[in-house]
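Dear colleague,

I am passing on the structure we talked about, and below it you will find my notes on what turned up. Please read them with the coordinates open beside you.

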Amino acid sequence: MNEFLQKKLGEVLAFARLGSDTLDKGREGFVQIMQPQELDTLKERFNNLEQKVAGFAAQEDVTQKVEESASKTQEKVSSMRDTYIGDSWNESSEVLEWMGFYTGASLVHWYLVQGAAQQGASVTPSLNTLGDIASEAIALYGSLFSADEKFLQGIGAKAM
């Protein structure tokens, strides 16, 4: 697996970890618009995605490089998130606005991974597995992005 894909795997690993962390930190804001069970299920899906990416990296013997990239990305993105949300973790509009940034960035990175996996699968058949993980992640983040839009429209309408 080339260095580009190792780095991108680290980035998407960080996004999965940040998704779970954001749900924990913003739980008070999220429960204003989502049921606690929905949050728990979403956190489980982020954790499952994290395990799949980490497992794939271990299978490919690239864990060190992937974890280095994940650590750097997690530090940068969590800093951006914490700066953006500030002390407003209990405000549903603020955590949802962040989730819009977050899901968009996650999708961009997963599409890069998917493209690399599809291109490289003819040479490295194990990349078919990564392509499947990417498809699952794209479906997850895509559904989150759509859900955020509906929630935000509702919040905006109530503000008028």
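How many salt bridges does the structure hold? In this model, which is a predicted one, there are 10 salt bridges.

Two of them share a residue, Arg17, and I describe these in turn. Glu50 pairs with Arg17, and the closest N and O atoms of the two are 2.9 Å apart; this salt bridge links distant parts of the chain, since Glu50 lies in helix α3 (residues 36-59) and Arg17 in helix α1, 33 residues apart. The side chain of Arg17 also meets that of Glu67 in a salt bridge, with an N to O distance of 2.9 Å, and here too distant parts of the chain are linked, with Arg17 in helix α1 and Glu67 in helix α4, 50 residues apart.

The packing of those last two helices deserves a closer look. Helix α1 (residues 3-25) packs against helix α4 (residues 63-85) at an angle of about 45 degrees, and their axes are 7 Å apart. Angles between 35 and 65 degrees fall outside both the roughly parallel and the roughly perpendicular ranges, and α1 and α4 are therefore oblique to each other. Their crossing is right-handed, and the residues that make up the contact divide into 8 nonpolar, 7 polar and 10 charged.

Finally, on the surface, Phe4, Val108 and Leu112 make a nonpolar patch of about 260 Å²; of these residues, Val108 is found in helix α5, which covers residues 92-120.

With best wishes

Terms used
Residues are numbered from 1 along each chain as its sequence is written. This is a predicted model: local features need pLDDT of at least 70, side-chain atom pairs count only at pLDDT 80 or more; totals for chains, interfaces and linings use all residues. Side-chain values use heavy atoms; hydrogens and water are left out. Patches are made of residues with over 30% relative accessible area and no salt bridge: like charges are joined within 9 Å, nonpolar side chains (Val, Leu, Ile, Met, Phe, Trp, Tyr) within 5 Å. Accessible areas come from the Shrake-Rupley method with a 1.4 Å probe; for residues, only the protein chains shown count as cover. A salt bridge is a side-chain nitrogen of Lys or Arg within 4 Å of a carboxyl oxygen of Asp or Glu. Helices (H or I, at least four residues) and strands (E, at least two) are DSSP runs, numbered from the N terminus. Axes are lines fitted to C-alpha atoms, for helices over the stretch in contact, and angles run from 0 to 180 degrees between N-to-C directions. Angles under 35 degrees count as roughly parallel, over 145 as roughly antiparallel, 65 to 115 as roughly perpendicular and the rest as oblique. A crossing is left-handed if the near helix is turned anticlockwise from the far one by less than a right angle, and right-handed if clockwise. Ala, Val, Leu, Ile, Met, Phe, Trp, Tyr, Cys and Pro count as nonpolar, Asp, Glu, Lys and Arg as charged, and the others, Gly among them, as polar.
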